Amino acid sequence: MRNSEHMHKFLRSIGFSTYRKKRDIEKLLASLIPSAKWRRIQLDEETNLCELRAEVAPGMGIVMMGEMDEEGAFQCEYYYPYLNSSDVSSTTDCSIQRHTEKETYAGLLDEYRVGISLIFYLGNCYEYRERKAKRMPRTTESVNLTGLAIEGKVLLPLHKTRKQIEMAKVAARDRNNLLEAAKKGDEDAMETLTIEDIDLYSQVSRRAMKEDLYSIVDSSFMPCGIECDQYSIIGEITGIEIRENRVSGEMVYDLTISCSDMLFHVGIAQKDLMGEPKVGRRFKGQIWMQGTAKFAES
């Protein structure tokens, strides 16, 4: 499911665009070990799990997971680039499942706002594994999502009046309530949703004859490709930060994106983004979705 080819593809999202060969990546990881923060947990008599988190800019870096051998040397089994987000993206029910090959985990959110079950790569799997080992609760309270992108472009905003924006918010809330009711078996809600979908389809079909698609589609969130945690998105840029990778000197955008009324961050190398990002403009691109789960304390 998750191999290192998949990971090294996204190293460029956090400013490591020149590291493509396995040998170069191994050298990079070795050079990051001395400065990394590490934690370990004994899983049973023979096995331990180690996490090394090497930051290359505030809230951005590489996580290495593996084991400490008898001599006290770290053996890296897999790694992944990360970008932290301080914004809560979702508080809906989240279930966490292990990937088949490795001690890596996927989270699944039933997110009404994007209209799909949203699957993400769990960024704090060490914490989850530690809770499992210590038999602590693993119920999630909220999830902060971050997408890593290797290319993307900036689209111009759609011009909307304040009234249109307010109406859209009310409509989205009503739709979420209807979906909630339909899920519990309310037949009136199901019928209303079906009629709304038919109306929407005919409206879009009429407009698509005369207009550019991106002037109709304000934001979108679609699964793409064979990897279940990758999505093709269009969303509004609501915040922009620039981070410098201290190792490579490359600049990385940390964009806050509002997509289908859901907030998350997107990390993309400055040179991989076409166009100039500004608040109010939109981001279009393909992302690999990661999430950090906040676990219930009690």
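How many helices and strands does the protein chain have? The protein chain has 6 helices and 14 strands, where helices (H or I, at least four residues) and strands (E, at least two) are DSSP runs, numbered from the N terminus.

**Notes for the views**

This is a predicted model, in which local features need pLDDT of at least 70 and side-chain atom pairs count only at pLDDT 80 or more, while totals for chains, interfaces and linings use all residues. Residues are numbered from 1 along each chain as its sequence is written, and side-chain values use heavy atoms, with hydrogens and water left out.

**View 1. The protein chain as a whole.**
Of the 298 residues of the protein chain, 43% count as buried. Buried means under 20% relative accessible area, exposed means over 50%, and partly exposed lies in between (1.4 Å probe, protein chains only). The accessible surface of the protein chain comes to about 16,300 Å², and 51% of this surface belongs to carbon and sulfur atoms. Accessible areas come from the Shrake-Rupley method with a 1.4 Å probe; for residues, only the protein chains shown count as cover. Among contacts between residues at least 6 apart in sequence, 61% join residues at least 24 apart. A contact here means heavy atoms within 4.5 Å.

**View 2. The salt bridge between Asp272 and Arg12.**
A salt bridge is a side-chain nitrogen of Lys or Arg within 4 Å of a carboxyl oxygen of Asp or Glu. The structure holds 11 salt bridges. In the one between Asp272 and Arg12, the closest N and O atoms are 2.8 Å apart. Asp272 lies in the loop between β12 (262-269) and β13 (273-274), and Arg12 in the loop between α1 (4-9) and α2 (22-32), so the pair ties together parts that are 260 residues apart in sequence. Asp272 and Arg12 are both buried.

**View 3. A salt bridge within helix α2.**
The side chains of Glu26 and Lys22 meet in a salt bridge with an N to O distance of 4.0 Å. Both residues lie in helix α2, 4 residues apart, which is about one turn of the helix. An α-helix has 3.6 residues a turn, so residues three or four places apart point the same way. Glu26 counts as partly exposed because its relative accessibility is 46%. Lys22, at 63%, counts as exposed.

**View 4. The salt bridge between Arg243 and Glu241.**
The side chains of Arg243 and Glu241 meet at 3.3 Å, N to O. Arg243 has 13% relative accessibility and therefore counts as buried. Glu241 has 44% and counts as partly exposed. Elsewhere, salt bridges that share partners join Arg39, Glu51 and Arg53 into one network.

**View 5. Helix α3 and the residue Arg131.**
Helix α3 spans residues 125-133 and includes Arg131. In this helix, Cys125, Tyr126, Tyr128, Arg129, Glu130 and Arg131 are buried. Is Arg131 buried or exposed? Arg131 is buried because its relative accessible area is 6%. Not counting residues up to four places away in sequence, Arg131 touches Met136, Pro137, Arg138, Phe295, Ala296 and Glu297.

**View 6. Two residues with a positive phi: Arg135 and Asp261.**
Most residues other than glycine have a negative phi, and most peptide bonds are trans. Arg135 is not a glycine, yet its phi is positive, about 55°. Arg135 comes just after α3, in the loop between α3 and β8 (140-155). With 76% relative accessibility, Arg135 counts as exposed. Asp261 is not a glycine either and has a positive phi of about 70°. Asp261 is found in the loop between β11 (251-259) and β12, and at 45% relative accessibility counts as partly exposed.

**View 7. A negative patch and a nonpolar patch on the surface.**
Patches are made of residues with over 30% relative accessible area and no salt bridge; like charges are joined within 9 Å, and nonpolar side chains (Val, Leu, Ile, Met, Phe, Trp, Tyr) within 5 Å. Lys and Arg count as positive and Asp and Glu as negative, while His and the chain ends are not counted. The place of a charge is taken as NZ of Lys, CZ of Arg, CG of Asp or CD of Glu. Asp186, Glu187, Asp188 and Glu191 form the negative patch, and Glu191 is found in helix α5 (residues 187-210). Ile240, Ile242, Met251 and Val279 make the nonpolar patch of about 330 Å². Val279 lies in the loop between β13 and β14 (282-295) and is exposed, with a relative accessible area of 57%.
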